[in-house]
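Here's a quick briefing to read alongside the model. Have the viewer open and follow the bullets one topic at a time.

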Amino acid sequence: MGTSINRIWVGIDAGKGHHWAAAVDADGEILFSTKVINDESQILALIETAREMAGQVQWAVDISGRASALLLALLVAHGQSVVYVPGRTVNRMTGAYKGEGKTDAKDARVIADQARMRRDFAPLDTPPELVAALKVLTHYRADLIADRVRLINRLRDLLLGICPALERAFDYSAAKGPVVMLADYQTPAALRRIGVKRLATWLERRKVRGAGDVASRAVEAAQSQQIILPGERRAAKLVGDLAHQLLALDERIKDNDREIRETFRADERSEIIESMPGMGPILGAEFVAIVGDLSGYTDAGRLASHAGLAPVPRDSGRRTGNNHRPKRYNRRLRHIFYLAAQTAMMRPGPSRDYYLKKRSEGLLHTQALLALARRRVDVLWAMLRDNRPFTFAPPVVRAP
């Protein structure tokens, strides 16, 4: 087919198993609408069809995650321009088109039409290998942490049906020693039989910190209950299994954290990011995984807006200056800056001084932390822009 159209827009409703592609011309007329299996050969065929149809092709997708990774990689490798049309935009604009039904074909057409009419969508590109690796590692870490929370909740729930006093005695999410103990001793009777001294020795052989304290608190809790609750034997077996799983999961998290640190510190910006108080290697790696090389942000204000730290106006008529918390922002990026600000304000320095200043102005703790987080966005942006690590010289106290 010869090229007879100057420019077309191809919208792709991306999915895990297949995508739906629809192309429109400058007048918004549909040129083709077809299903494309998420396979290299079929995607390459789609690219070739679109390139033969027009001299210039603008691609638009509604997903920039793993479901569209192969699609984006092939488009970028073949020099195609791709923009990201948010799913929220597609959902809201669908109502402006004919028909109430929702199909992949209709969504693809809406994506293509929005790309045709608007010029403010963010361009997409394949991330560098290091950023892609950090995305995989940090997402995997989030899954492991979620699994750990679920395991602890199940363990505590089962333990409540064995011995409520033992369930209350320890914070199983923060201490490894009690979990090691539950791997072999779960019931009050078993803890009473072994006693404090033997249990402490048993825990010491397994390199548990504060073995004596763990043993005494566990046996004390066991001595407070003499009755055997219904289903105790089966529940005890499940608690032991969950304890073993939790210990193994902690090792996986430790290995994952080590890999994250090593990968993050291979980035030339890691020293600058880690020099900022509160930004350790884990938070720094998550920051890089989200923002990439910062090329998608024109200034620090855009970065703060993406993190939900810049208020948005809700003005109408004579009502002005009515700023509110934004609703559309990256929750994880906001959480990173919030945690970093919370850690930094606990130590003497500019962050704590600014936090205390905001508290003296009448702001609540959360409000003061968010104000500090917003200020630190500007600082981090300037550090990365100037390629200069954070330095803080404590004030010099002169003798009177």
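Let's start with Phe170: its relative accessibility is just 5%, so this residue counts as buried. Keep in mind that this is a predicted model. From Phe170 we move on to the aromatic pairs, then a charge over a ring, a helix crossing and one glycine.

**Aromatic pairs**

- How many aromatic pairs does the structure hold? There are three.
- Phe170 belongs to one of them, with Tyr172 as its partner: the ring centres are 5.9 Å apart and the planes sit at 65°, so the pair is edge-to-face. The cut-off behind that label is a plane angle over 60 degrees.
- Tyr172 is buried as well, because its relative accessibility is 1% and anything under 20% counts as buried.
- Tyr185 and Trp202 make another pair, with centres 5.2 Å apart and planes at 85°, so this one is edge-to-face too.
- Where do the two partners sit? Tyr185 is in the loop between α7 (177–182) and α8 (188–205), while Trp202 is in helix α8, so the pair ties together parts that are 17 residues apart in sequence.
- Buried or exposed? Both Tyr185 and Trp202 are buried.

**A charge over a ring**

- Look at Tyr329 and you'll find Arg331 lying over the face of its ring, 4.0 Å from the ring centre.

**Where α15 meets α16**

- Helix α15 covers residues 350–360 and helix α16 covers residues 365–386; their axes come within 9 Å and cross at roughly 135°.
- How are the two helices oriented? With that crossing angle of roughly 135°, α15 and α16 are oblique to each other, because the angle falls short of the "over 145" needed for roughly antiparallel and lies outside 65 to 115, the range for roughly perpendicular.
- As for handedness, the α15 and α16 crossing is right-handed.
- On the α15 side, the residues making the contact are Ser351, Tyr354, Tyr355, Lys358 and Arg359. Their counterparts in α16 are His365, Ala368, Leu369, Ala371, Leu372, Arg375 and Arg376.

**Gly177 and its surroundings**

- Gly177 is part of helix α7.
- Its relative accessible area is 10%, so Gly177 is buried.
- Which residues does Gly177 touch, leaving aside those up to four places away in sequence? Its contacts are Leu203, Val208 and Val214.
- If you want a distance to check in the viewer, try Gly177 and Ile145: their C-alpha atoms are separated by 19 Å, and the two residues are 32 residues apart along the chain.

Notes
Residues numbered from 1 in each chain as written. Predicted model: local features only at pLDDT ≥ 70, side-chain atom pairs only at ≥ 80, totals over all residues. Heavy atoms only, no water. Phe/Tyr/Trp six-rings, centres within 6.5 Å; stacked < 30°, edge-to-face > 60°. Buried < 20%, exposed > 50% of the residue type's maximum accessible area, 1.4 Å probe, protein only. Helix = DSSP H or I, 4+ residues; strand = E, 2+ residues; numbered from the N terminus. Lys NZ or Arg CZ within 6 Å of the ring centre and 35° of its normal. Axes fitted to C-alpha atoms, helices over the stretch in contact; angles between N-to-C directions. Parallel < 35°, antiparallel > 145°, perpendicular 65-115°, else oblique. Left-handed = near helix turned anticlockwise from the far one by under 90°. Contact = heavy atoms within 4.5 Å.
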